[in-house]
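This report looks at a helix, a core and a strand residue in turn, with the cut-offs stated where each term is used.

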Amino acid sequence: MDAILLQLLNGLDKGGAYALIALGLTLAFGTLGIVNFAHGALFMLGAFCAVTFNKLLTISKSVKDESITFFDAYKEVPYLEIWWGETGTSIIDYAVPLSIFFAIPVMLFIGWALERGLIQYFYKRSHASQILFTFGLAIVIQEIVRHVFGANPIPTPAPDVVSGSANIGLYFGLGENIIYPWWRLIYLSFSICVIGAVFAFLKFTTFGMVVRAGIQNREMVGLLGINIERRFTIVFSLSAVVAGVAGVMYAPIVPPDFHLGMDFLVLTFVVVVVGGMGSLPGAVAAGFLLGILQSFAAMNEVKEILPGIDQIIIYLVAVIVLLVRPRGLMGVKGVFED
Amino acid sequence: MAIFSVVVLTMPLWMQPFGAAYPDILQKFVIFGVFAIGYNILFGLTGYLSFGHAAFLGVGSYTAVWSFKLLTMNIVPAIILSVVMSGIFAVAMGYVALRRSGIYFSILTLAFAQMCYNLAYSVLTPITNGETGLQLAKSDPRIIDRLFSEAGEGLPSTTLFGIETSGYSGFYISAVIMIIVFYISLKIFNSSFGLKLKAIKANQNRMRYLGFNTKPYLLSAFVISGMYAGLAGGLLAATDPLAGAERMQWTASGEVILMTILGGVGTLFGPLLGVIIIKYFENIFSAVNQLDLHSLYAIFPAWLENSLVAISSLFVGEGWHMTLGLLFMFVVAFLPGGVLEGLQLIYKKIKTRLIKNNKSTGTDTDTKQETGANHGE
């Protein structure tokens with residue numbers, strides 16, 4: 001029972017990441033009709049925003065170490081600590097959550113630049129060439145990151161307060177064996193918040209209404225005198241931001257390295273296809289579903305019966321779904337059905 | 001065809017001035033040539049973008065190495081087995097994946113390839129030897145070889161009835177095989193089968209209305225190209241008996257797509273051209289290091305030299321993938337027909353200009369023939 005609950009949490013947690021990335025991917029696809037293979041790279045860029053911010057905060061100065069008296073010793077002290085003392089230390093400690101505020105404008109700009117600079121020329125091209133172009137783009141982004149940050153994973157710790165584990169079982173009276181890292185719980189609630197925010201944004205704002213109308217009938221909205229192209233550019237930047245903040249918060253879970261994006265890309269594409277191309281609720285549902293399935297398949301009891309199932313479960317589900325229900329779990333009829 | 005064979009077989013001679021006349025890279029040229037020719041049969045003719053062909057390459061390699069381990073060091077059974085094995089895989093994969101088309105087909109093939117890759121790394125380690133890769137060992141049974149001779153000292157090398165298949169002889173064997181498969185693909189392109197495949201690319205619905213069941217054609221194209229990939233994998237193992245799972249990763253499929261597109265999708269020679277361009281520059285670019293760059297820019301003043309080195313080191317050595325990605329973007333964006341199309345465009349421009357010039361002098365037809373002949377050479 002405890003194991004099942006733990007795996008459920010694990011799955012929700014993984015699913016949160018999948019759902020966030022898949023959400024951005026679907027946004028870009030539903031509005032712009034772009035199959036964006038560079039979306040995983042945007043996720044990775046988000047994670048490296050956290051790394052950069054962390055590095056910026058800890059720019060240090062060599063200071064003579066007073067505690068060692070018998071020879072001259074120097075230690076690196078971050079400027080923030082010198083200027084603000086205790087406050088500085090705690091700012092550095094909270095680097096990862098704070099870097100969200102750093103990542104949002106950066107990702108907005110990157111998304112805007114990509115869409116205006118490159119991707120807008122590919123709306124009228126076939127999906128095959130969109131895939132290939134963004135695939136090339138993903139390689140380029142990945143290599144730039146490798147050039148700047150090196151090939152090794154860079155550990156980016158979560159704040160001290162939440163780096164431990166929570167004994168959830170005690171809080172809910174479910175026994176004492178359900179212990180789960182705090183940061184992962186935060187990630188889960190964070191992803192739910194972001195997903196909710198995106199949906200609310202699309203549902204309750206005028207901007208969102210226009211975008212939804214544009215998804216249904218682009219030409220009509222254009223004829224009503226609304227500059228739909230510009231809204232769609234903003235939506236693309238938004239999808240980049242969603243991927244970016246997902247990456248920022250993911251950095252403490254897995255130390256980011258340059259092929260983090262590629263690892264996630266294939267999985268999220270599968271998630272999007274399972275959920276149904278162009279369906280936002282589908283992407284979120286499929287993300288959580290596949291995350292949970294994957295973590296259950298990784299349980300030892302399951303592995304004993306079906307060895308290797310944890311490695312392929314997602315792809316297996318995708319194959320079955322595509323064959324049985326081609327438009328995906330919640331796909332809209334007629335969208336991309338051939 | 002005869003000219004083509006001569007050109008391929010004399011590669012060691014005319015590649016000399018380019019500094020690529022050693023067997024290692026020549027083998028790569030022809031083996032990946034086989035791979036790209038096969039991929040072109042699927043993507044070029046039917047327009048189905050598969051992201052899973054690297055899996056067949058991997059299957060071919062593994063099968064060939066197992067054949068070396070269990071049966072004999074002769075490459076003939078190894079290659080036949082690897083083609084058959086990848087053919088079986090391709091039938092299974094194609095049967096399922098071809099139920100869908102467009103982007104769904106791409107994702108399905110991608111999913112299959114990732115499944116193979118993940119399995120090769122995890123559960124199938126007894127067969128694939130996981131991360132280390134499958135290698136020959138002294139204790140392998142090699143049943144057929146044992147019938148004729150005792151096990152010698154050290155590791156045996158791969159042979160074709162006594163000829164060692166590494167180095168130049170390996171290149172010639174692979175080259176002959178490539179010429180044969182190129183001939184087959186030429187026949188496919190010109191046959192009514194090839195025409196039907198092209199019709200599927202142009203308009204699949206209309207084909208159906210005309211009363212053709214497109215499925216068998218697509219499936220056979222898929223299986224043929226899968227077998228080509230398996231053959232390439234088998235040849236890779238024959239020239240260097242080692243198989244690793246990284247050959248099956250989906251980025252490897254991306255590379256063969258790039259080769260095909262760079263050269264020219266749907267053309268006969270395009271994929272070969274793409275292979276040669278990519279493998280050649282990969283070889284050169286990834287070998288360059290900082291010191292080479294410094295000596296290259298030595299004529300410039302120091303500050304300019306350093307900044308130039310800093311900029312170009314982005315693109316060479318480890319950064320070769322960056323060049324590849326940029327090339328990918330550039331070709332897809334500006335030259336969707338590949339290098340061959342670019343050459344044709346240039347040729348047409350020159351031709352029209354020549355004709356314009358000649359109209360004033362009046363010897364129109366002569367120059368047409370002349371330029372045509374020049375192009376043929």
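Helix α11 of chain A is mostly covered, since 19 of its 23 residues are buried, where buried means 20 or more other C-beta atoms within 10 Å of a residue's own, exposed means 12 or fewer and partly exposed lies in between, with C-beta atoms placed from the backbone. The model is predicted, so local features need pLDDT of at least 70 and side-chain atom pairs count only at pLDDT 80 or more, whereas totals for chains, interfaces and linings use all residues. Residues are numbered from 1 along each chain as its sequence is written, and chains are lettered from A and ligands numbered from 1 in the order in which they are written. Helices (H or I, at least four residues) and strands (E, at least two) are DSSP runs numbered from the N terminus.

The end C-alpha atoms of α11(A), residues 228-250, are 33 Å apart, which agrees with the 33 Å expected at 1.5 Å a residue, the expected span being 1.5 Å times one less than the number of residues.

The largest nonpolar core has 203 residues, and those with the most contacts inside it include L23(A), V270(A) and Y228(B); such a core is a set of buried Ala, Val, Leu, Ile, Met, Phe, Trp, Tyr and Cys residues joined through C-beta atoms within 7 Å. Helix α3 of chain B (residues 23-46) gives the most to this core, with 15 residues.

S165(A) is found in strand β3 of chain A and counts as partly exposed because it has 13 C-beta neighbours inside 10 Å. Contacts (C-beta atoms, placed from the backbone, within 7 Å) beyond four places in sequence are tabulated below.

| Residue | In contact with |
|---|---|
| S165(A) | I179(A), Y180(A), P181(A), W182(A) |
| V270(A) | I314(A), Y315(A), A318(A), I107(B), A111(B) |

Key:
Contact = placed C-beta atoms within 7 Å.
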